[in-house]
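User: I have a model open and would like to talk through how it is put together. Could you take me through it one question at a time?

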Amino acid sequence: KKKNAEEKAWADAAPARALEELRSKRNRLLAETDYLALSDNTLSSDMTTYRQNLRDLPAGKDTVEKCENATWPTKP
């Protein structure tokens, strides 16, 4: 019974793990363009949109499938 409970707990946590992986990749991509958002730079509208789309990406991703099938924005 303990094994079944552990397997269920692992399966139940799958969406949270998938969302964490998605956020981790998103954060890496945002970090790659952080230098562009410094006060002495002016972001292009394309880059502003790209960064906003990255920040919005996790919204509504409540299943493993939604996380794995997320449409990533294209970096300008």
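**Salt bridges and overall build**

Analyst: Happy to, and let's start with a count: the structure holds three salt bridges. Please keep in mind that this is a predicted model.

User: Thanks! What does the secondary structure of the protein come to, and which pattern does it follow along the sequence?

Analyst: There are four helices in the protein and zero strands. Reading along the sequence therefore gives helices alone, by the DSSP runs used here. The pattern is α-α-α-α.

User: Is the protein a compact globule or more spread out, and what is its radius of gyration?

Analyst: For 76 residues, the globule rule gives 11 Å. The protein is well over that, so it is more spread out than a compact globule. Along the principal axes, its C-alpha atoms fill a box of roughly 60 × 20 × 15 Å. The radius of gyration is 17 Å.

User: What share of the residues counts as buried?

Analyst: Buried here means under 20% relative accessible area. The accessible surface comes to about 5,700 Å², and carbon and sulfur atoms hold 51% of that. Of the 76 residues, the buried share is 25%.

User: Among contacts between residues at least 6 apart in sequence, what percentage join residues at least 24 apart?

Analyst: A contact needs heavy atoms within 4.5 Å. Taking the contacts between residues at least 6 apart, the share that joins residues at least 24 apart is 57%.

User: On to the charges. How far apart do the centres of the positive and negative side chains lie?

Analyst: The protein has 14 positive side chains and 13 negative ones. Taking the centre of each set, the separation is 4 Å.

User: Which residue meets Lys8 in a salt bridge?

Analyst: Look in helix H1, residues 2-12, where the two partners are four residues apart and thus separated by about one helical turn. Lys8 counts as exposed because its relative accessibility is 51%, while its partner is partly exposed at 49%. The N to O distance is 2.7 Å, and the partner is Asp12.

User: With which residue does Arg51 form a salt bridge?

Analyst: The closest N and O atoms of this pair are 3.2 Å apart. The pair links distant parts of the chain, 17 residues apart, with Arg51 in helix H3 (residues 45-56) and its partner in the loop between H2 and H3. Arg51 counts as buried at 9% relative accessibility, whereas the partner counts as partly exposed at 36%. That partner is Asp34.

User: And which side chain meets Lys66 in a salt bridge?

Analyst: Lys66 has a relative accessibility of 40%, so it counts as partly exposed. Its salt bridge has an N to O distance of 3.0 Å, and the partner is Asp62.

User: Arg26 is buried, yet has no salt bridge. What is the nearest side chain of opposite charge?

Analyst: Arg26 sits in helix H2, residues 14-33. Leaving aside neighbours within four places in sequence, its contacts are Leu54, Arg55, Pro58 and Trp72. A salt bridge needs a nitrogen and a carboxyl oxygen within 4 Å. The nearest side chain of opposite charge is 7.4 Å away, and it is Asp56.

User: How far apart in space are Thr48 and Leu36, C-alpha to C-alpha?

Analyst: Thr48 belongs to helix H3 and is partly exposed, with a relative accessible area of 37%. Thr48 and Leu36 are 12 residues apart in sequence, and their C-alpha separation is 9.6 Å.

User: Is Thr71 buried or exposed, and what is its relative accessible area?

Analyst: Thr71 lies in the segment after helix H4 (64-68). Its C-alpha atom is 10.0 Å from that of Asn53, which is 18 residues away along the chain. Thr71 is exposed, because the cut-off is over 50% and its relative accessible area is 67%.

User: One last pair of distances: how far in space is Arg17 from Pro73, and Asp12 from Pro58?

Analyst: Arg17 is in helix H2 and is partly exposed at 32%. Arg17 and Pro73 are 56 residues apart in sequence, and their C-alpha atoms are 21 Å apart. For Asp12, which is in helix H1, Pro58 is 46 residues away in sequence, and the C-alpha distance is 19 Å.

Technical notes: Residues are numbered from 1 along each chain as its sequence is written. This is a predicted model: local features need pLDDT of at least 70, side-chain atom pairs count only at pLDDT 80 or more; totals for chains, interfaces and linings use all residues. Side-chain values use heavy atoms; hydrogens and water are left out. Helices (H or I, at least four residues) and strands (E, at least two) are DSSP runs, numbered from the N terminus. The radius of gyration is taken over C-alpha atoms; the globule rule is 2.2 Å times the number of residues to the power 0.38. Buried means under 20% relative accessible area, exposed over 50%, partly exposed in between (1.4 Å probe, protein chains only). Accessible areas come from the Shrake-Rupley method with a 1.4 Å probe; for residues, only the protein chains shown count as cover. Lys and Arg count as positive and Asp and Glu as negative; His and the chain ends are not counted. The place of a charge is taken as NZ of Lys, CZ of Arg, CG of Asp or CD of Glu.
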